[in-house]
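Let's walk through this structure together, from the way its pieces are named to the way its side chains pack. Have the model open and turn it as we go.

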Amino acid sequence: MIVVIEGISASGKSTWCNAHGADHTIPETGPVQNVPCEQSDPQGAAAYWAGRNVLRWQTALAMEQRTGLALCDTDPLKLHYTWCLWQIGEVTEQQWQLSVQAVRATIEGRKIGFADAYFVKTIDPDLARAQARVDMTRRRQKLDLHVRLQPALLKWYEVLDKVLPDRVQFGFPDELPTMHELNRYPGLAVFDDLIAALPA
């Protein structure tokens with residue numbers, strides 16, 4: 001099984017993963033270097049992040065093969081992040097479209113797919129800020145940005161739930177429920193349906 005644990009920063013994703021499957025967790029992408037500039041090289045940046053997402057997906061597949069379960073601390077297919085940024089005016093429509101093209105190529109090549117289950121948590125912004133203040137392990141410099149992203153993040157997974165039913169649940173379960181492996185590579189038509197169904 002490949003399971004995605006999703007939510008904004010300080011919503012408790014890593015805490016949940018550590019409590020329910022620390023040895024199965026694919027951690028969130030940490031700080032990276034030599035990333036192409038979004039403004040001066042938007043196509044290069046889109047290709048770079050699509051490649052990073054493929055790497056996380058391949059890591060999840062390897063974890064699943066080794067242990068039977070991969071818990072992804074945030075979605076490897078992280079196209080939602082660029083869409084959310086576009087929704088709040090932090091990136092341009094061109095940057096969004098270039099990201100779609102880059103990810104679409106990885107979908108077409110079956111280099112990345114959709115997880116078997118997604119658990120998406122909503123959190124009160126004040127609680128997220130309070131949790132961030134007491135977590136000394138991270139600086140969370142973009143917490144205010146993530147708070148602004150939460151409505152769009154939830155909308156993304158509402159749309160995904162319509163395009164690929166029975167995979168998305170809102171909230172983190174007390175225990176990991178029994179699940180079944182689903183079709184992870186449903187094809188470009190499903191990806192295109194997801195993109196088309198998103199609010200512009």
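A word on naming before anything else: helices here are DSSP runs of H or I with at least four residues, strands are E runs of at least two, and both are numbered from the N terminus. Keep in mind too that this is a predicted model.

With that naming in hand, pick out Glu-64, which lies in helix 2. Is Glu-64 buried or exposed? Its relative accessible area is 15%, and the cut-off for buried is under 20%, so Glu-64 is buried. Setting aside neighbours within four places in sequence, Glu-64 is in contact with Met-1, Ile-2, Leu-69, Ala-70, Glu-181 and Arg-184.

Now move along to helix 3, residues 79-87. This helix is mostly covered, with seven of its nine residues buried. The buried ones are Leu-79, His-80, Thr-82, Trp-83, Cys-84, Leu-85 and Trp-86. What does the covering? Strand 1 (2-6), helix 4 (93-108), helix 6 and helix 7 (188-197) are included among the elements packed over those buried residues. Around helix 3 there are a couple of local details to look at. Lys-78 sits over the face of Tyr-81, 5.1 Å from the ring centre. After helix 3 comes Gly-89, with a positive phi near 80 degrees.

Leu-79 is a good way into the interior. The largest nonpolar core has 51 residues, and Leu-79, Trp-96, Tyr-118 and Trp-156 are the members that touch the most others. Several elements give this core two or more residues: strand 1, helix 2 (42-67), strand 3 (70-73), helix 3, helix 4, strand 4, helix 6 and helix 7. Helix 6 supplies the largest share, eleven residues. As for Leu-79 itself, leaving out residues up to four places away in sequence, it touches Trp-96, Ser-99, Val-100, Val-103, Trp-156, Phe-191 and Ile-195. There is also a second, separate core of eleven residues, and Ile-5, Leu-71, Phe-119 and Phe-172 are among its members. As background, nonpolar side chains in soluble globular proteins tend to be buried together.

Next, the aromatic rings. How many aromatic pairs turn up in a search of the whole structure? The search finds six. One of them joins Tyr-48 and Trp-49: the ring centres are 5.1 Å apart and the planes meet at 85 degrees, so this pair counts as edge-to-face. Trp-49 is partly exposed, at 31% relative accessible area. Another pair is Tyr-118 with Tyr-157, where the centres are 5.8 Å apart and the planes are at 45 degrees, so the pair is tilted. This second pair links distant parts of the chain, with Tyr-118 in strand 4 (residues 117-120) and Tyr-157 in helix 6 (residues 143-163), 39 residues apart. Both rings belong to buried residues: Tyr-118 has a relative accessible area of 1%, and Tyr-157 has 0%.

Stay with Tyr-118 for a moment, and ask what lines the largest cavity. The lining is made by Asp-75, Leu-77, Phe-114, Tyr-118, Trp-156 and Leu-160. So two residues named above for their many core contacts, Tyr-118 and Trp-156, are also found in that lining. The cavity holds about 30 Å³ of space, and the count comes to one cavity of 30 Å³ or more.

Finally, have a look at some loops. Most residues other than glycine have a negative phi. Ala-10, though, has a positive phi near 70 degrees. Ala-10 belongs to the loop between strand 1 and helix 1, and it is buried, with a relative accessible area of 7%. Asp-166 also has a positive phi, about 70 degrees, without being a glycine. Asp-166 lies in the loop between helix 6 and strand 5 (168-170), and at 72% relative accessible area it is exposed.

One more loop residue gives a sense of scale. Ala-22 is found between helix 1 (13-21) and strand 2 (25-26), and is partly exposed at 43% relative accessible area. From Ala-22 to Thr-92 is 70 residues in sequence and 37 Å in space, C-alpha to C-alpha.

Terms used:
Residues numbered from 1 in each chain as written. Heavy atoms only, no water. Phe/Tyr/Trp six-rings, centres within 6.5 Å; stacked < 30°, edge-to-face > 60°. Buried < 20%, exposed > 50% of the residue type's maximum accessible area, 1.4 Å probe, protein only. Lys NZ or Arg CZ within 6 Å of the ring centre and 35° of its normal. Contact = heavy atoms within 4.5 Å. Core = buried A, V, L, I, M, F, W, Y, C linked by side-chain atoms within 4.5 Å. 1 Å grid on protein atoms, 1.4 Å probe; cavity = no way out; pocket = protein on both sides within 12 Å on 5 of 7 lines; lining within 4 Å. Points joined across faces, edges and corners; volume = space filled by probe spheres on them.
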